[in-house]
Amino acid sequence: MTIRVIIVDDQAMVRAGFAALLSAQPDIDVVGEAPDGRAGVAVGRSTHPDVVLMDVRMPEMDGLAAARELLNPPPGVTHRPKVLMLTTFDVDDYVYEALRAGASGFLLKDAPPADLISAVRVVAAGEALLAPSVTRRLIEDFAAQRPAPRKERSVRLNGLTPRETEVLELVARGLSNQEIAAHLVLAEQTVKTHIGRVLAKLGLRDRAQAVVFAYESALVTPGDAA
């Protein structure tokens, strides 16, 4: 199955470079480009891509606003692509809000070509592109710049089993599936199954949103994630 991709970035050379790289892959088809967020939303609506590579900072409409429009479309619009945010910095002020809006993760613009290709495939497959080290830094950055989360734990956590709650906490602390499996003495596939159930019960899209939920529900604190 071919992965349909659009590239939204205000730098023509970036768009051209990414398009040439991705189009050379047998399983990826670049179906559109746009120079700003507003045009990106329009192209997304007309081409129905599987993955949108979305720059964070752009004129007309920034990547965050565009991601929100694509991921939370108006009534009558059913297509919701996966959105992969492109940023120049490891932790951008907009990244946390993008994850809250439903973006599947973010990638540095200067990442190696192989990482970009892999990222598109990972996100298209429904996984979140959020490395454990980035998870830790993201939560620390959030805590340093925004008010502390509420003290009481969310009642939505009551729907999880003790094991599912434990797995969610470890995900939010920045552990990979392999590390969680070793920590809990479980098979890695069992960890994946638990994470899938957590996402389904909480109505979350992916691992990235699970991290956001765990922090905002007071399941974890910045100190836990360090």
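## An exposed residue with positive phi

V185 is exposed, its relative accessible area being 72%. In this predicted model, V185 sits in the loop between α8 and α9. Its backbone is notable on one count: V185 has a positive phi of about 55 degrees, although it is not a glycine.

H48 is another non-glycine residue with a positive phi, here of about 50 degrees. The loop that holds H48 runs between α2 (37-47) and β3 (51-55). With a relative accessibility of 44%, H48 counts as partly exposed, because exposed requires a value over 50%.

## Overall composition

The chain contains 11 helices and five strands. It has 226 residues, and 48% of them count as buried. The accessible surface of the chain comes to about 10,500 Å², and carbon and sulfur atoms account for 52% of that area.

Contacts in the chain can also be sorted by sequence separation. Of those with a separation of 6 or more, 68% are between residues 24 or more positions apart.

## The largest nonpolar core

The largest nonpolar core is made up of 29 residues. Within this core, L168, I180 and L202 have the most contacts. Two or more residues are given to the core by each of α4 (95-101), α7 (162-172), α8 (177-184), α9 (188-202) and α10 (207-216). Helix α10 supplies the largest share, seven residues. Both domain 1 (3-129) and domain 2 (149-217) give residues to this core, so the core lies between the two domains.

I180 can be followed further through its own contacts. When neighbours within four places in sequence are left aside, I180 is in contact with V167, L170, V171, L175, V191 and R207.

## D55 and its surroundings

D55 is found in strand β3. In an unreviewed UniProt entry, D55 is covered by the annotation "modified residue: 4-aspartylphosphate". In the model D55 is buried, with a relative accessible area of 5%, because the threshold for buried is under 20%.

Leaving aside its neighbours within four places in sequence, D55 is in contact with V8, D9, D10, G63, M85, L86 and K109. Two of these residues, D9 and K109, return in the salt-bridge network described below.

## Salt bridges

Six salt bridges are found in a search of the whole structure. One of them joins E33 to R15, with 3.4 Å between the closest N and O atoms. E33 lies in strand β2 (residues 28-34) and R15 in helix α1 (residues 12-23), so this pair ties together parts that are 18 residues apart in sequence. The partners differ in burial class: R15 is buried at a relative accessible area of 14%, whereas E33 counts as partly exposed at 39%.

A further salt bridge is formed by the side chains of R121 and D27, at 2.9 Å from N to O. This pair links distant parts of the chain, 94 residues apart, with R121 in helix α5 (residues 113-124) and D27 in the loop between α1 and β2. R121 counts as partly exposed at 34% relative accessibility, and D27 is also partly exposed, with a relative accessible area of 22%.

E164 forms a salt bridge with K201, the closest N and O atoms being 2.8 Å apart. The two residues are 37 apart in sequence and link distant parts of the chain, E164 in helix α7 and K201 in helix α9. E164 counts as buried at 3% relative accessibility, while K201 counts as partly exposed at 44%. Finally, D9, D55 and K109 are joined into one network by salt bridges that share partners.

Conventions:
Residues are numbered from 1 along each chain as its sequence is written. This is a predicted model: local features need pLDDT of at least 70, side-chain atom pairs count only at pLDDT 80 or more; totals for chains, interfaces and linings use all residues. Side-chain values use heavy atoms; hydrogens and water are left out. A nonpolar core is a set of buried Ala, Val, Leu, Ile, Met, Phe, Trp, Tyr and Cys residues joined through side-chain atoms within 4.5 Å. Buried means under 20% relative accessible area, exposed over 50%, partly exposed in between (1.4 Å probe, protein chains only). Helices (H or I, at least four residues) and strands (E, at least two) are DSSP runs, numbered from the N terminus. Domain bounds come from an automatic or database domain assignment. Contact means heavy atoms within 4.5 Å. Accessible areas come from the Shrake-Rupley method with a 1.4 Å probe; for residues, only the protein chains shown count as cover. A salt bridge is a side-chain nitrogen of Lys or Arg within 4 Å of a carboxyl oxygen of Asp or Glu. UniProt positions are given in the numbering used here, feature names are shortened, and annotations may be inferred rather than shown by experiment.
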